[in-house]
Every structure is written in structure tokens, then in C-alpha cells.
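I am opening a fresh notebook page for this structure and will write down what I look up, step by step. I begin with how far the coordinates can be trusted.

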Amino acid sequence: MTSAEEASRPFAGLSDVSIPDIPVEGDISLPVASSARDDEFSTLDEPVKETILRDLRAVANKFVHVLYPKRSSVLLRDWDLWGPLLLCVTLALLLQGGAADSNDQGGPQFAEVFVIIWFGSIIITLNSKLLGGTLSFFQSLCVLGYCIMPLTVAMVVCRIVLYTASGKVSFAVRLVVVTASFGWSTFASTAFLADSQPSNRRGLVVYPVFLFYFVIGWMILTFSP
Amino acid sequence: AGNMSAGSRNTEPWGGFDDNLIQGGSSAVIDMENMDDTSGSSFEDVGEMHQRMKEEEEVSAEAAAAEDDGADDGEFLGMKGLKGQLGRQVADEVWQAGKRQASKAFNLYANIDILRPYFDVEPSQVRSRLMESMIPVRMISFPQKVAGELYGPLMLVFTLVAILLHGMKTSGTVIREGTLMGTAIGTCFGYWLGVSSFIYFLAYLVNAQITMLQMLSLLGYGLFGHCVVLLVTYNIHFHLLFYAMWLLIGGLSTLRMVAVLLSRTVGQTPRLLLCGMLALLHMSFLLYLHFSYHQILEGLLDSLEGHNMAPIQRVVRDVPEVTLNATRSITL
């Protein structure tokens, strides 16, 4: 009896505490849903290089999918925002160029481009959701960000052209390049976004995307270092 | 709450400053504990309850911890597990409560489903509304129907921003305080939201039958004319063409808006006030947009701004005589 009393003494102060479950000792083996996921979660021990390379490979894979747009769901399934961030920063840096040296604003500032891209994407995403789209918020952001890639390539080409030639010829070349890449971007993003919309409202969703890439293309075309 | 006596005149639910307190009259005792209660809002009651429950839990957890500290660790492995269990339980409940609150707040404020009915349009509807915005209605004797949607107006405002940017760039406008994009967006959205609110306020004063949503929609579609005119005249710089388009297209879209407002207002003076104001603002906005970002005006602006002029060239000139002060003078 005394041992029972001793045993119950530590518990005495807890008599007014309600504990839903009684602690059980022993091993409980829970059914594992999928072992593959478990392996992915234990990525804490792998070297940093492996982590970075894996992410870079995923980003590069998505770039390839943008270059050859066909109705695939790779961009949508494993969305990530690294690619859009890289593209946005690259584009903003390229667009800043010579504006920092002059007093008057010859071109858009870094923050301006950044804000335009991200807020434009957010507004288009909200619009497509309000029109009854089935994509999630971040999936749309991912698609719109990745489809800026042709325009970034066009920006690089434009800068090269501006260094080599000038005048009417350079303007004509730049116009052609920017128009082509703008069309490519719009087409690529439509290929991914259109499936998620009810069929009769595709035009309503495509128009803001068209406007968005048009503004970015206009910024690239009118850039002068 | 306090009790009220039959003889007292006050109507406070808590009994007020009765004389019965002192005299100990016919009324019952006023329970001072409940005097400063939060009976005004049950929200605070719930908050208090939660606080008390949490405090109880914390107290019990502390008690358990204090008990455990005195206990022999090696004797009951279950005890340590118990303390860990309790701590986890409390943390879990705190997390759940916080998550519930956050999701409630999110669903209340960031719920875009509030806007969903205003975006319920078909492309054919948008097209037909765009066309209709240029056609003034003839019948103003009964209220005209105004579509309450926000997709068309929003897209038109963004289109106007894009056109404005193009115009600003081709005219070589240099914005010193601010950015090109910010100015364009601020101008267009400011006009749409500001003038809509102003006209809605006037309509409220003169008791016209129009809601804020309808006003936003009406003015948004009225910007279609502006978009067309500016798209043409930013590229073809021909003054006469601009004036003709300003009168024709701007006039048509203004007439449409005016006719809709006329059909929803009674009385001569209110009609004059409301419609005159709208016509004035709408037409002058188009004028402003065209002339602000026009190439010819750039030179005028430059000459008006004194401090930003190019530095004056210094030239050597001969000065025959210089007077230093009243008494001295030098002849050069």
C-alpha cells in the first residue's frame, strides 16, 4: 500500500489537470504513406552543393518547358519562385543600365521594374481567380514569372544590338526581336493558363497577360543606355 | 447587472447611483463585483474566458513542472513523459487557437470572393458594353440600366495606363520627382476612383438613383473613348485631328454617361449640376492627357521653369565705367 502511495504522490498535484490521453510506453509503428516523401524530407544531411544543384536542375527544366511550350503540367505541379526571381532581377539589372549615371531618369529604376513585374503578376492572378480559374495563387505567379524568359533574352539581344549598331537599323532589329519575344511569352503563358479557365472566358484572362507583357516589352524596346 | 428598485427613476441597467445604496431601501443589494463588467460586448467576455482558461492551463502546467522538479527523475520515466506531454499539449492548443484566429481574420478580410460577382462576365458582354459606351441613349424618362461589373472598367484603366506610358515616352517627358510608371498609374487610377467618388457624392446630395458600383462601372466604360482618342493622337500629331476626335468621340462617351445620369435624376438644378460636372471633368481629362505629354508643350514648360534652364553662357563685355560707391568710381 505504501509503495502505491509513494507511486501516487507525484501524481497528487495533478489531480485537477485533465489529460486527454494517458502516456503509453513502447513502440508504435505508424503506417508510412510513401517512403519517397520521407527520403525527401530528410535532406538536412546532404551537402549544400547537392541541394543547390537539385533546385537549379528543377529551374532549368522549367526554362526548357517555357522555351518549347506545350500543354504540360510540369510548371504547374512543382511550382517554385526561384526562376521568376532570377529572371526579374536579371531584367531589372539590365534595364537599369545607364540611368544611374544621369540626372534625369532615362530609364526605369530597379525597384520600378521589380514592382511592375510582381504586382502585375499578382493582379493577373487575382483576375484569373475571380473569373473562375482553378490554378492556385502561387502556380499562376510561377507560370507568369517563368514566361518572362523570352523577354529577358530579348533584352540581352537588344543591349548587344545597341552596343554594335545605332539608328534606324538597330531600332528595326530591336522592334522585331521584342515583338517576337512578346508574342512568344504571351503564347507560352496562355498554353499553361488556358487549361485552367472555363473555355468561354479564355479571352478575358488572356487580355491582361497580353497587356502585362506588352508593358514589359515596351520598357525593353524604349530602353536607351 | 444591478437590480432596479421600483421607486427609482433611473434607467441604467446596472442600477445607477441609487439612493438605495445608502438608505438600504426597498431594492436589493447591488453586486459591486459585476459593476465593471464588460457587458457591452460579448467579445471581451470570450477573451476574458480564454485568458482565464489559458491562465489555468499555465498554472497547472507550472504546478506540474514544480511537482516534477521535486520528483525523482529516475523513478518514474512516465513523469518526464507526462511533463513533456503536457507542455506539448499546451503548445499545440496555443498553436491551434492562433491558427483559428488567423484563418478567421484572413477569411474575413482577404476573401476575394467578395469581388467575385463583379467579375462574372462573358467576352461577348464586355464587347457589347464597350460598343454601347459610345452610343448615347435616347430615353431619359425612366432609369437606364447600368451594368455593375468591374472587369471591363479595370481593364480599360490598365489599357489607358499603357497608352499613357507610350505617350509619355514618345514625347520625351522627363519626370523629375517620381517615376514614369507611378505617374501613369496614379493619374489613371486617381481619375477613375476619384471622379467616381466625387460624382457619387454629388449624386448622393441631389438624391440621384445610382450606386457607387454603377458609377465606377459607368465611368470606367467611359474611358474607352479616351483610350481610342489617345491611341490615335499620341501617334499622329495633328492638332485638328485631335480636336475633331475630342469633340466627336469624347463627346459621344460623355453624352452617354450624361444621359444615364439624367435618366436617374429628378429636378432641373440637380440634373444641371451633376451632368455639367461630369461632362466638364471627363472632357477636360482628355484635354489634359493629350496636352500634358505633347512634344510642343515641352519647350513651353522648359522656358517656364527658371531654375532648370541651361546655364547662361558667359561672354566678355567691356564696361566703360564702374561705380563702386557714391564717392569712388573707376574708369577702365
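**Entry 1: confidence.** This is a predicted model, and I looked up chain B before anything else; its mean pLDDT is 76, and 61% of its residues reach 70 or more. Within chain B, I found the lowest confidence in helix α1 (residues 20–23), at a mean of 49, while helix α7 (residues 212–233) has the highest, at 93. I also noted two stretches of chain B: over residues 37–41 the pLDDT stays under 50, and the model has three contacts there beyond four places in sequence, while over residues 70–78 the pLDDT is below 50 and the stretch has four contacts beyond near neighbours in sequence. I remind myself that where pLDDT is low, the predicted coordinates should not be read in detail. For the complex, the predictor gives an ipTM of 0.73 and a pTM of 0.66.

**Entry 2: transmembrane annotations.** I turned to UniProt, where an unreviewed entry lists "transmembrane region" for chain B at residues 150–168, 180–203, 215–234, 240–260 and 272–291. I checked two of these against the model: residues 150–168 of chain B are 95% helix and 0% strand, with end C-alpha atoms 27 Å apart, and residues 180–203 of chain B are 100% helix and 0% strand, with end C-alpha atoms 34 Å apart.

For chain A, UniProt (again an unreviewed entry) places the feature "transmembrane region" at residues 79–98, 110–131, 143–165, 171–193 and 205–224. Here I looked at residues 143–165 of chain A, which are 87% helix and 0% strand with 34 Å between the end C-alpha atoms, and at residues 171–193 of chain A, which are 100% helix and 0% strand with 32 Å between theirs.

**Entry 3: the nonpolar cores.** Which residues touch the most other members of the largest nonpolar core? I found that they are A:Tyr213 and A:Ile216, in a core of 101 residues. Helix α5 (residues 151–170) of chain B gives the most to this core, with 13 residues. Apart from this core lies another, of seven residues, including A:Val59, A:Val66, A:Cys142 and A:Met149. I then listed partners of A:Tyr213 beyond four places in sequence, among them A:Leu144, A:Ile148, A:Phe182 and A:Ser189.

**Entry 4: one residue of chain A.** Is A:Glu112 buried or exposed? I count A:Glu112 as buried, because its relative accessibility is 11% and the cut-off for buried is under 20%. A:Glu112 sits in helix α6 (residues 110–130) of chain A, and, leaving out residues up to four places away in sequence, A:Glu112 touches B:Thr179, B:Leu180 and B:Met181.

Methods: Residues numbered from 1 in each chain as written. Chains lettered and ligands numbered in written order. Predicted model: local features only at pLDDT ≥ 70, side-chain atom pairs only at ≥ 80, totals over all residues. Heavy atoms only, no water. Helix = DSSP H or I, 4+ residues; strand = E, 2+ residues; numbered from the N terminus. Buried < 20%, exposed > 50% of the residue type's maximum accessible area, 1.4 Å probe, protein only. Contact = heavy atoms within 4.5 Å. UniProt positions renumbered as here; feature names shortened; annotations may be inferred. pLDDT = per-residue confidence, 0-100. Core = buried A, V, L, I, M, F, W, Y, C linked by side-chain atoms within 4.5 Å.
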